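Work through the exercises below with the structure open beside you. Each task is followed by a solution in steps.

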Amino acid sequence: MALNTSPTRTDVGYLRRRVKPVAAAAVPVEQPASALPTEPRQTEPSRPSPSPSSSMSSSSVPSSSGLSLSPSAPPAPAPARSAAPSAGLSLSSPTPAGNEPATAPVSTGLSLGHSSPAAPAVPPRASAPEGSLPFPAPGIDEVRELGDDDPVLRLNARESAIGSLIVTGAASAVWEDDELVTGAGTPDGSTTGSPVTTPGNRPLVGFDDSDALVSLRHVRRLRRALFVSRGTEPLGVQIFDGATVTVSPGDEKRMFVLYLLRIGGVIELRAEPVDRSASDESILKQFSFVLTPFLVTRASRSR
Amino acid sequence: MIPGANAALTAENPGLTQLLVGFGWETIPSRGPQAELVPMAIMCDADGRSLSNDHLVFFNQIVSQDGSVSFVDDRDTEEIDVDLSLVPAEVAKIVFIVYVDPDVRGSGNFSAVRSAYVRAATRDNRELVRFVVPAEDNRTINVMMFGELYRHRDDWKFRALGQGYLTGLRGVAADFRIDL
């Protein structure tokens, strides 16, 4: 397979975009590259990424068929263990750390609930620094299906920045912006965590009917996203020029989720295997997504 | 300037090598999805085609010698620097377009855009030329060519354009032979 090994161009330095001075608060703070310790297998492009769900026991997690978007509730470990299978994506608060996976609540959907107080804090991590050269990866025109054989592809800077990246077949989407504001949503419009809205009054990542959309005009605000399919329809991706790629549905035990990373100015798409019976919250935990509580603000009162 | 007018930049400003090309506009506020404008520079050969897909400069394809320039803010006026002394001989002109990002959730058009302009200035911000894009019925326009820098013998000139596309970036891609 031909790989995209184009180096960074340095021969057109006569034309460049000027970065206007802005208020310090508006400038995203880039962490040192050393603050990237736990990104799943960014350095192993040539083989399928090991399942981040290796610690999960499929037999321990009964199945459910959908997504539950119930509001946050206090942790209730005991009832949850014996509860009937959920019919949807569970957006309720996850169980306290340590209860799962062996005693995880019943759900086959992605649990997008607020993290429990006992959940370990995730240290801030930064995107790769601008100009760094990631490992070679094929482009979207070189891959028909992301899966075991082709686990990763990388869009170019134009593909990563124009129009919308459309993900079909997703039952839920999780996003994290460059300030680590994290939220999740489902096709029915339910969201949990914190939404990220762009200056164009569109969600940075959100659903439009049954499709999940990424607003590529603001790709620089996006750090990563995760898309999970729970139905029979496989995940698919389409970009502005019409190029598409699908994600392997997996097998009886494993399924693939679509993991989107922004590396500098380019988007990398990865098919990550997870246990098919993995609960929603365990998938979030595997990928270190910690939903940001949404604080509704109001204007101050004046008398 | 008026559409089609040109101005001699280097002939009237001997020693001018570094240009600041600034873009500005206002959009009518809306509670719904708004048109989001993106400036882009396309480096063209003598036939008016882009030299390659990489000869574009916009917010996500920033080319600098050290590769360290990064997109910081998208709510302010955009600026693009041009170092005329470094432009390769095969580049005959540099076209500056502004496109409405084609988001599938209602991308919009230029009808909500007011007071759009492009200007050329020295690096110390001494303005040389300014072209205010005429406010016309732009309900079907989703890409606008604001202006272009072009070679004229040994000098560089700036031409005001103000020409709109009805076919969006796909039309731009076809005209300039680029993949978008």
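A residue counts as buried if 20 or more other C-beta atoms lie within 10 Å of its own. The model is predicted.

**Exercise 1.** Find which residues of helix α1 of chain B are buried, and decide how they are placed around the axis.

Solution.
- Step 1. Locate helix α1(B), which covers residues 168–176.
- Step 2. Apply the cut-off: B:L169, B:V172 and B:F176 are buried in this helix.
- Step 3. These buried residues cover an arc of only 55° around the axis, so they are on the same side of α1(B).
- Step 4. The general rule behind this is that an α-helix has 3.6 residues a turn, so residues three or four places apart point the same way.
- Step 5. Look for what covers the buried residues of α1(B): the cover includes β3 (37–44), β6 (93–100), β9 (143–152) and β10 (155–165) of chain B.
- Step 6. Just past the helix comes B:R177, with a positive phi near 60°.

**Exercise 2.** Describe the surroundings of B:W25: is this residue buried or exposed?

Solution.
- Step 1. B:W25 belongs to strand β2 (residues 18–27) of chain B.
- Step 2. Count the neighbours: 21 other C-beta atoms lie within 10 Å of B:W25, which means that the residue is buried.
- Step 3. List the contacts of B:W25, leaving aside neighbours within four places in sequence: they are B:L37, B:V113, B:S115 and B:A116.
- Step 4. Take B:S115 from that list. B:S115 is 90 residues from B:W25 in sequence, but the C-alpha atoms of the two are 5.2 Å apart in space.

**Exercise 3.** Work out how β2(B) pairs with β5(B) and with β7(B).

Solution.
- Step 1. β2(B) and strand β5 (residues 78–83) of chain B run antiparallel and are joined by six bridges. Within this pair, B:G22 stands opposite B:E79.
- Step 2. Strand β7 (residues 113–122) of chain B also pairs with β2(B) in the antiparallel sense, over eight bridges. Here B:E26 stands opposite B:R114.

**Exercise 4.** Characterise chain B as a whole, and say which stretch has pLDDT under 50.

Solution.
- Step 1. Chain B has ten strands and one helix; along the sequence the helix follows the strands, in the pattern β-β-β-β-β-β-β-β-β-β-α.
- Step 2. A compact globule of 180 residues would have a radius of gyration near 16 Å, and the 16 Å of chain B agrees with that. Its C-alpha trace spans about 50 × 30 × 30 Å along the principal axes.
- Step 3. Of the 180 residues, 41% count as buried. Among contacts between residues at least 6 apart in sequence, 69% join residues at least 24 apart.
- Step 4. The mean pLDDT of chain B is 86, with 92% of the residues at 70 or more. Over residues 64–76 of chain B, however, pLDDT stays under 50.
- Step 5. Where pLDDT is low, the predicted coordinates should not be read in detail. The model has 31 contacts beyond four places in sequence for residues 64–76 of chain B.

**Exercise 5.** Trace the seven-stranded sheet of chain A: which are its edge strands?

Solution.
- Step 1. The sheet is open, with antiparallel pairing in the order β5-β16-β15-β12-β7-β8-β9.
- Step 2. The edge strands are β5 (152–154) and β9 (191–193) of chain A, each pairing on one side only.
- Step 3. From one strand to the next, the twist averages 15°.
- Step 4. Inside the sheet, β12 (residues 222–228) and β15 (residues 254–263) of chain A pair over four antiparallel bridges. A:F227 has A:L258 in β15(A) as its bridge partner.

Definitions and conventions: Residues numbered from 1 in each chain as written. Chains lettered and ligands numbered in written order. Predicted model: local features only at pLDDT ≥ 70, side-chain atom pairs only at ≥ 80, totals over all residues. Pairing = 2+ DSSP bridges. Helix = DSSP H or I, 4+ residues; strand = E, 2+ residues; numbered from the N terminus. Axes fitted to C-alpha atoms, helices over the stretch in contact; angles between N-to-C directions. Rg over C-alpha atoms; globule rule 2.2 N^0.38 Å. Buried ≥ 20, exposed ≤ 12 C-beta atoms within 10 Å, placed from the backbone. Contact = placed C-beta atoms within 7 Å. pLDDT = per-residue confidence, 0-100. Arc of directions from axis to C-beta.
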